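The exercises below ask you to work through a structure step by step, with the sequence and the coordinates at hand. Try each task before reading its solution.

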Amino acid sequence: MKNDKKGNQYRVNEQIRAREVRVVGEDGSSVMSTRDALEMARQEGVDLVEISPNANPPVCRIIDYSKFLYQQKKRAKEMKAKQVKQEVKEIRFGPQTDEHDYNFKLKHAKEFLEEGNKVRAYVFFRGRSILFKEQGEVLLLRFANDLEEYGKVDQLPSLEGKKMFLYLSPKKAGVAKKSQQKVDRERREAEAKEAAKAQEESTAEAKGGIFANVKGGDDILAKLREGDD
């Protein structure tokens, strides 16, 4: 087993403190003593890895730890690749922008927002054109109104030096880049779901065992399963 560079994110082998664990694999799951699970891992020449410590009992996998870490890293990389990186796109106006130029920039702003990017639109006042700041504000408010279907206003027009800014965010959900905390949470939820599935399989096996030798047991078991549904 190679050293875990992530600072012992998972308990492995003798680090597992529980007396018994649920070992999951491709063929299902089974509860056994930690000692027996460790022996199984040794016989296969791999490791016992605790993937869900909060389950009762904790859920483990018998797998090469280095391979397990590689799979986790690969999964995280795939999730990251699916995320859309959010950028801030700028749209520049003059205080007396003509209709053709306005529509051209409006079209680009729609595309930016549909792609999940933020938009920072601003009017640049050159020299004496600062006298037309009210006209610039009207222009930006019209811009925000025309983009109402695509974006929401983060900040109304505000003058900063010789520029008046308007900030817009896309209305589409889930376009922002996920934080590492969210990625980790989704991984934990996936592991918890795997543990719950293993628990359900174990419960179903237990019910089957109780009625296996009883006359009409199959019918009783079927009715119990219908009740669970």
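**Exercise 1.** How many salt bridges does a search of the whole structure find?

*Solution.* The model is a predicted one, and side-chain atom pairs count only at pLDDT 80 or more. With a salt bridge taken as a side-chain nitrogen of Lys or Arg within 4 Å of a carboxyl oxygen of Asp or Glu, the search of the whole structure returns eight.

**Exercise 2.** Take the salt bridge between R42 and E39, and work out how the two residues are placed along their helix and how accessible they are.

*Solution.* Begin with the distance, which is 3.7 Å from N to O and falls within the 4 Å cut-off. Next, consider the sequence: R42 and E39 are three residues apart in helix α1, and are therefore separated by about one helical turn. For accessibility, where partly exposed lies between 20% and 50%, R42 qualifies with 48% and E39 with 37%. Finally, the pair belongs to a network of salt bridges that links E14, E39 and R42.

**Exercise 3.** Which parts of the chain are tied together by the salt bridge of R120 with E90, and which by that of E99 with R142?

*Solution.* In the R120 and E90 pair, the closest N and O atoms are 2.2 Å apart. Since R120 lies in strand β6 (residues 118-124) and E90 in strand β5 (residues 88-93), this pair ties together parts that are 30 residues apart in sequence. R120 is partly exposed at 25% relative accessibility, and E90 is likewise partly exposed at 42%.

For E99 and R142, the closest N and O atoms are 2.6 Å apart. Here E99 belongs to helix α3 (residues 99-114) and R142 to helix α4 (residues 133-146), so the parts that are joined lie 43 residues apart in sequence. Both count as partly exposed, E99 at 42% and R142 at 34%.

**Exercise 4.** Describe the open sheet of four strands, and explain why one side of β2 and of β3 is left without a neighbour in the sheet.

*Solution.* Start from the strand order, which is β2-β1-β4-β3, with mixed pairing. Because β2 (28-33) and β3 (47-52) stand at the edges and have a single partner strand each, one side of each lacks a neighbour in the sheet. Neighbouring strands are turned against each other by 35° on average, direction ignored.

Then examine one pairing: β3 and β4 (residues 59-63) run antiparallel and are joined by five bridges, with D47 opposite I63 in β4. Lastly, helix α1 (residues 34-44) packs on the sheet, where it touches β1 (20-25), β2, β3 and β4, and its direction makes about 115° with that of β2.

Technical notes
Residues are numbered from 1 along each chain as its sequence is written. This is a predicted model: local features need pLDDT of at least 70, side-chain atom pairs count only at pLDDT 80 or more; totals for chains, interfaces and linings use all residues. Side-chain values use heavy atoms; hydrogens and water are left out. Two strands pair if DSSP finds at least two bridges between them. Helices (H or I, at least four residues) and strands (E, at least two) are DSSP runs, numbered from the N terminus. Axes are lines fitted to C-alpha atoms, for helices over the stretch in contact, and angles run from 0 to 180 degrees between N-to-C directions. Contact means heavy atoms within 4.5 Å. Buried means under 20% relative accessible area, exposed over 50%, partly exposed in between (1.4 Å probe, protein chains only).
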